[in-house]
Amino acid sequence: MQPIDEIEKSYKAEDPWHYKTTPDDINRKKKLIDLASKFGPYERALDIGAGEGWITQDLPAKEIHGYEVSDNAASRFPENVKRVLAPQGKYDLILATGIFYGHYNWQLFMEFIRNHASKHILVSSMVPGEHVCVNEIGKVIHQEEFKYRHCNQRTRMFQVGL
Amino acid sequence: MILCHNIGERHNSNYNNRNEIAACPFSLSFDGIYRNVFFNQDVLRGKDVTLFVMGNYVGKDNSFDVGQKPEKYCTWEEIDYLVEQYGFHLGWHTWSHPDLTQLSDEQVIKEITPPRPMKYFAYPYGNVDERVAKLVEESGYEAAWSVTQGDGSQFQKRRQYLNW
């Protein structure tokens, strides 16, 4: 698992991976928000691994929470994103972008989904590289794959409780 | 009851890895609570766990513990999450982790008084004598544990490290 101090170091500078200015990331964000809007709107949304909240802030939900271990990253959350260190209650949308990789804390993220997802989970990962645990999340109700940076991005909307 | 501290790769007796934790059939206790316990919560699902909290270190780090690998402690938010989601027990391990047998009655009472009602207590360093055990009992705890000594009575129960 990647040490937290390494993650903090990465986030010392703002937008370390240039999400806000890279066309592939701008495209990915648009696709995710459009998809969430198609299946939403939602009461409560949780973004697991929210980074600086760039995608999080535009989720179509009344209440938006971001789980982020990096204090540096979370300090840049937009005003409408509330940082949570320990999620509470149920979320009818959980966003999981770029977190289900082997070197991340995917077991913890699966626990969050198990404990807090009430309806939809939107997962987006680079392929190859996505951890197999994602296949166990729920029933896939939408899937697409598109070019992203040097590889592809797989986006799936899961529904739980079906 | 088994005593653990950190869940992670072995560095010293303060660390147990995920496989050891998962395989342990006994009741587990964690002193701290270190944040790596929160991050490895999935391996504790379904187990009987007691979290013995050290009040002054909640949300802080172990920089006071010279020579130990740097680690952070859970926030109260994270501790409450573990209790609520998994039904873990909450216990008290004093505010500043002193040797209670070296303190006056007044100092002991301050250290063993938690910020909210708790049923269980664990003695720092496992140090306990009849006087301290009586003060803990009179404070309202249901039971107390030591990792180094104790006659096995309700307020001098024994716990041991999870062997590597």
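Between chain B and chain A of this predicted model, 7 residue pairs are in polar contact, counting pairs with both residues at pLDDT 80 or more. On the chain B side, α2 (35-39) and α3 (76-86) each supply at least two of the residues that touch chain A. Helix α3(B) gives the largest share of that side, with 6 residues. Sorted by class, the side of chain B that touches chain A holds 8 charged, 4 nonpolar and 3 polar residues.

If you would like to look at one pair up close, start with R45(B) and E111(A): their side chains form a salt bridge, with 3.0 Å from N to O. Across this interface the rule finds 1 salt bridge. In terms of contacts, 15 residues of chain B meet 18 residues of chain A. Together the two chains bury about 1,400 Å², and 50% of this area lies on carbon and sulfur atoms. Three residues stand out on the chain B side: F39(B), E77(B) and Y81(B) supply 39% of the area that chain B buries against chain A, more than any other three residues.

**The nonpolar cores**

Let us move on to the interior. The largest nonpolar core has 67 residues, and those touching the most other members are Y67(A), F100(A), F30(B), F38(B), L44(B) and Y123(B). Helix α4 (residues 106-116) of chain A contributes the largest share of this core, 5 residues. A second, separate core has 19 residues, among them A50(A), I55(A), F77(A) and V81(A). As a general background, nonpolar side chains tend to be buried together in soluble globular proteins.

L44(B) is a good place to see how the packing is arranged. Apart from its neighbours within four places in sequence, L44(B) is in contact with I7(B), I21(B), L28(B), F30(B), V37(B), V49(B) and F88(B).

**Buried residues in chain A**

Helix α4(A) deserves a second look. Of its 11 residues, 9 are buried, so the helix is largely enclosed by the rest of the structure. The buried residues are Q107(A), L108(A), F109(A), M110(A), E111(A), F112(A), I113(A), N115(A) and H116(A). E111(A) in this list is also the residue that meets R45(B) in the salt bridge.

Another charged residue to visit is R28(A), which sits in helix α2 (residues 23-39) of chain A. R28(A) counts as buried because its relative accessible area is 7%, under the 20% cut-off. Setting aside residues up to four places away in sequence, R28(A) touches Y19(A), T97(A), S124(A), F146(A), Y148(A) and Q153(A).

**Backbone features**

Some backbone angles are worth checking as you trace the chains. The table gathers two cis peptide bonds and two positive phi values.

| Site | Feature | Value |
|---|---|---|
| G40(A) to P41(A) | cis peptide bond | omega near 5° |
| V127(A) to P128(A) | cis peptide bond | omega near -5° |
| H18(A) | positive phi, residue other than glycine | phi near 55° |
| T94(B) | positive phi, residue other than glycine | phi near 75° |

Each of these sites can be placed in a loop. P41(A) is in the loop between α2 and β1 (42-48) of chain A, while P128(A) lies in the loop between β5 (117-127) and β6 (139-148) of chain A. H18(A) belongs to the loop between α1 (4-10) and α2 of chain A, and T94(B) to the loop between β6 (89-92) and α4 (105-112) of chain B.

The two residues with positive phi can also be described by their accessibility. H18(A) is partly exposed, at 47% relative accessibility. T94(B), at 0% relative accessibility, is buried.

**A strand residue of chain B**

Our last stop is Y161(B), found in strand β10 (residues 160-161) of chain B. Its relative accessibility is 35%, so Y161(B) counts as partly exposed, a class that runs between 20% and 50%. Leaving out neighbours within four places in sequence, Y161(B) is in contact with I2(B), L3(B), H5(B), S13(B) and V147(B). For a sense of spacing, the C-alpha atoms of Y161(B) and A144(B) are 16 Å apart, with their positions 17 residues apart along the chain.

Notes
Residues are numbered from 1 along each chain as its sequence is written. Chains are lettered from A and ligands numbered from 1 in the order in which they are written. This is a predicted model: local features need pLDDT of at least 70, side-chain atom pairs count only at pLDDT 80 or more; totals for chains, interfaces and linings use all residues. Side-chain values use heavy atoms; hydrogens and water are left out. Contact means heavy atoms within 4.5 Å. Buried area is the accessible area (1.4 Å probe) that two parts lose on being put together, summed over both. A salt bridge is a side-chain nitrogen of Lys or Arg within 4 Å of a carboxyl oxygen of Asp or Glu. A polar contact is a pair of N or O atoms within 3.5 Å; within protein, one must be able to donate a hydrogen and the other to accept it, and residues adjacent in sequence count only if both atoms are side-chain atoms. Helices (H or I, at least four residues) and strands (E, at least two) are DSSP runs, numbered from the N terminus. Ala, Val, Leu, Ile, Met, Phe, Trp, Tyr, Cys and Pro count as nonpolar, Asp, Glu, Lys and Arg as charged, and the others, Gly among them, as polar. A nonpolar core is a set of buried Ala, Val, Leu, Ile, Met, Phe, Trp, Tyr and Cys residues joined through side-chain atoms within 4.5 Å. Buried means under 20% relative accessible area, exposed over 50%, partly exposed in between (1.4 Å probe, protein chains only).
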